[in-house]
Amino acid sequence: MSIKPYKTGKPMDELEREYGISNSIKLASNENPLGPSPMAVEAIRKNMDTLHRYPDGGGYYLTAKLAEKLGRRTDEIVLGNGSDDVIGMLTRAFLVPGDEALMTLPSFLMYEIMVRTVGATPVTVPLKDLGVDLDGIKAAVTPRTRMIFLTNPNNPTGTIITQAAFERFLADIPEDIIIVIDEAYIEFAADDRCLDSLKFVGPDYPVVTLRTFSKAYGLAGIRIGYGVMDSEIAGYLHRIRQPFNANSLAQAAAVAALDDEAFLAETIKTVHSGIAFLMDEIGGLGLTCFPTHANFFLIDVGRNADDVFEALLREGVIVRSMSSYGFPEYIRLSVGLPEENRRFVSAMEKVMK
Ligand SMILES: *Cc1c(COP(=O)(O)O)cnc(C)c1O
């Protein structure tokens, strides 16, 4: 009963019926505005004929491809039904009641849900200047701390952890605490100072890097993500994961998506130019946008964010109100296609009048 159910949005057709709108646009879940990688879609089509077979439980081709891309060994990679699934494996493998797991407040809701599911205790540390407060997290470590969740770039604020700051942090953290670095948006981070967490993955540190195909690769609907970690940690996760947790279409799609370099480049370009356009236009409306390293950013709307959310919805534009994240006057906007971005700006202009 201590777990609040994850609040998913209503299906778009349902919302449209309810509000009597049509052609609405969803800029709420940080999804890829270009759609899925076309090469991934083609791979899914090709693999549909073998849906009567169980998936390859070892994820042979995808793991091999990832290992090659990342310059890692295959025994350092664990596939998941989305990176959410890997978070669940980590908490099940390493946390028992009485253990504490540190995370920021606010943070990605799955950390808290998974930690509570195994009876362990989430301990939250407020953000500082909208970023991850590594000193605050360090100060919150107790003898019960077993796991730390860091999100880089951070959701919902878009800030990054720098390599230098992380190095200082790591030096002071006891060696038996698992440090999970969730890099769901890492493909969008273009800043040279950004932490390269894979550098720390290996026998020297219990650092686990989480990545996903849900955002930059446009495959949120088919559910595929992975963790990179020392092979000993990976060995524990393999013991407890469901043997067929990465479905066959997802594996085929992800292999193809990794080859679709043109799509990834186009995605990043679309997001970066979209951010520049949106920040300029929204700034022109007299509103403050916060700098970002991801495919979304926060806007200070200077009034009740739930009301702005509702008003935008009536204009057919779906964003995320940050009121439940402790920012009663902020909304989070995911970057869309150029025409969607323009529609957001017009709707915002109307709503803020
Ligand atoms: C979107 C997102 C994920 C991705 O989750 P999947 O289960 O891989 O779809 C993970 N972490 C954060 C912080 C996210 O925003």
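**Figure 1. Residues around the ligand in the predicted model.** The ligand is surrounded by 13 residues, of which D182, Y185, T212, S214 and K215 come nearest. By residue class, this shell comprises 3 nonpolar, 6 polar and 4 charged members.

**Figure 2. Polar contacts between the ligand and the side chains of S214, N155 and D84.** An N or O atom in the S214 side chain lies 2.6 Å from an oxygen atom of the ligand. For N155, the separation between a side-chain N or O atom and a ligand oxygen atom is 2.8 Å. In the case of D84, a side-chain N or O atom is placed 3.0 Å from an oxygen atom of the ligand. On its own the ligand has 380 Å² of accessible area, and the protein covers 93% of this area.

**Figure 3. Strand β13 and the orientation of its side chains.** Strand β13 spans residues 330-334 and is mostly covered, with 5 of its 5 residues buried. Y330, R332 and S334 point one way from the strand, whereas I331 and L333 point the other way. Residues on both sides of β13 are buried.

**Figure 4. Pairing of strand β13 with β10 and β12.** Strand β10, formed by residues 296-300, pairs with β13 in the antiparallel sense over 5 bridges. Within this pairing, R332 of β13 is the bridge partner of L298. Strand β12, formed by residues 320-321, also pairs with β13 in the antiparallel sense, here over 2 bridges. In β13, the residue that R320 stands opposite is R332. R332 is thus shown with L298 and with R320, and R332 is itself buried.

Note on methods:
Residues are numbered from 1 along each chain as its sequence is written. This is a predicted model: local features need pLDDT of at least 70, side-chain atom pairs count only at pLDDT 80 or more; totals for chains, interfaces and linings use all residues. Side-chain values use heavy atoms; hydrogens and water are left out. Buried means under 20% relative accessible area, exposed over 50%, partly exposed in between (1.4 Å probe, protein chains only). Helices (H or I, at least four residues) and strands (E, at least two) are DSSP runs, numbered from the N terminus. Two strands pair if DSSP finds at least two bridges between them. A residue is near a molecule or strand if one of its heavy atoms lies within 4 Å of it. A polar contact is a pair of N or O atoms within 3.5 Å; within protein, one must be able to donate a hydrogen and the other to accept it, and residues adjacent in sequence count only if both atoms are side-chain atoms. Accessible areas come from the Shrake-Rupley method with a 1.4 Å probe; for residues, only the protein chains shown count as cover. Ala, Val, Leu, Ile, Met, Phe, Trp, Tyr, Cys and Pro count as nonpolar, Asp, Glu, Lys and Arg as charged, and the others, Gly among them, as polar.
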